[in-house]
Amino acid sequence: VPEIVDMHFPAEGIFHNLVIISIDKRYPGHARKIMHAVWGLGQLMFSKTIIVVLHAKASFQSATGSPIWADGLFDPTLGRIQVPAQDALADRVWLRRVLRHEFVHALLHDQLGLAGSAIPTWLNEGLAEYFSTAEVRDDEISLGGLSMDRLQLLRTSRMLPLKEFFS
């Protein structure tokens, strides 16, 4: 498939059939054409569809309805992950962390369905944040590392009242 620019099979997503594909999109419906081609490539037929939509930073909040501090969004209704494009293109480490974070939300939704909406926000976000810091080196995976941008956010933002935190 000549339109495929890059393919990535993150170790964290192998058992969930995750493939991240970058394409040179030229027309509406092009991504759908690529997915059908990918599903015809042997073991890739088992890949689940998660669409990553890259927005301009200025339109990300208005397009998703997310707060100003949000780095990404998994939309369970549409079944897609959305991130601002300019940050994604400038910082691959940031993009990897955001995609892992949102992928955890997608996995929880996939595994729990409607029951997933009953997960408390603190647990849903906590799991996503915990796994977003995954580092894979050789035959080791480390989890729960400290994200410096999250630490900075905690230092400069107001804390949630406990009642709101546990709701």
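Q: Is R97 buried or exposed, and at what relative accessibility?
A: In this predicted model, the cut-off for a buried residue is under 20% relative accessible area. R97 falls under that cut-off, so it counts as buried, at a relative accessibility of 8%.

Q: With which residue does R97 form a salt bridge?
A: Side chains of opposite charge can pair when their charged atoms come close. A salt bridge requires a side-chain nitrogen of Lys or Arg within 4 Å of a carboxyl oxygen of Asp or Glu. For R97 the closest N and O atoms of the pair are 3.0 Å apart, and the partner is D71.

Q: How many residues apart are R97 and D71?
A: R97 lies in helix α4, residues 92–112. D71 sits in the loop between α2 (57–64) and β4, and the pair links distant parts of the chain. The separation of R97 and D71 is 26 residues.

Q: Is D71 buried or exposed, and at what relative accessibility?
A: The cut-off for a buried residue is again under 20%. D71 meets it and so counts as buried, with a relative accessibility of 14%.

Q: How many salt bridges does the count come to?
A: The pair of R97 and D71 satisfies the 4 Å rule, with its closest N and O atoms 3.0 Å apart. By this rule the count of salt bridges comes to one.

Q: How far apart are the end C-alpha atoms of α4?
A: Helix α4 has 21 residues, and the expected span at 1.5 Å a residue is 30 Å. The modelled helix agrees with this expectation, because its end C-alpha atoms are apart by 30 Å.

Q: Which residue with a positive phi follows α4?
A: Helix α4 covers residues 92–112. The residue that follows α4 has a phi near 55°, and this residue is G113.

Q: Which residue in β5 stands opposite D75?
A: Strand β4, residues 73–75, pairs with β5 in the antiparallel sense over three bridges. Within this pairing, the residue of β5 opposite D75 is R80.

Q: Which residue in the hairpin of β4 and β5 takes a positive phi near 70°?
A: Four residues lie between the two strands of this hairpin. Among the hairpin residues, the one with that phi is G79.

Q: Why is strand β5 largely enclosed by the rest of the structure, in terms of its buried residues?
A: Strand β5 consists of five residues, 80–84. It is largely enclosed because the number of its residues that are buried is four of the five.

Q: What share of the residues in the protein chain is buried?
A: The protein chain has 167 residues, arranged in seven helices and seven strands along with the remaining segments. Buried residues make up a share of 29%.

How values were computed:
Residues numbered from 1 in each chain as written. Predicted model: local features only at pLDDT ≥ 70, side-chain atom pairs only at ≥ 80, totals over all residues. Heavy atoms only, no water. Buried < 20%, exposed > 50% of the residue type's maximum accessible area, 1.4 Å probe, protein only. Pairing = 2+ DSSP bridges. Expected span 1.5 Å × (residues − 1).
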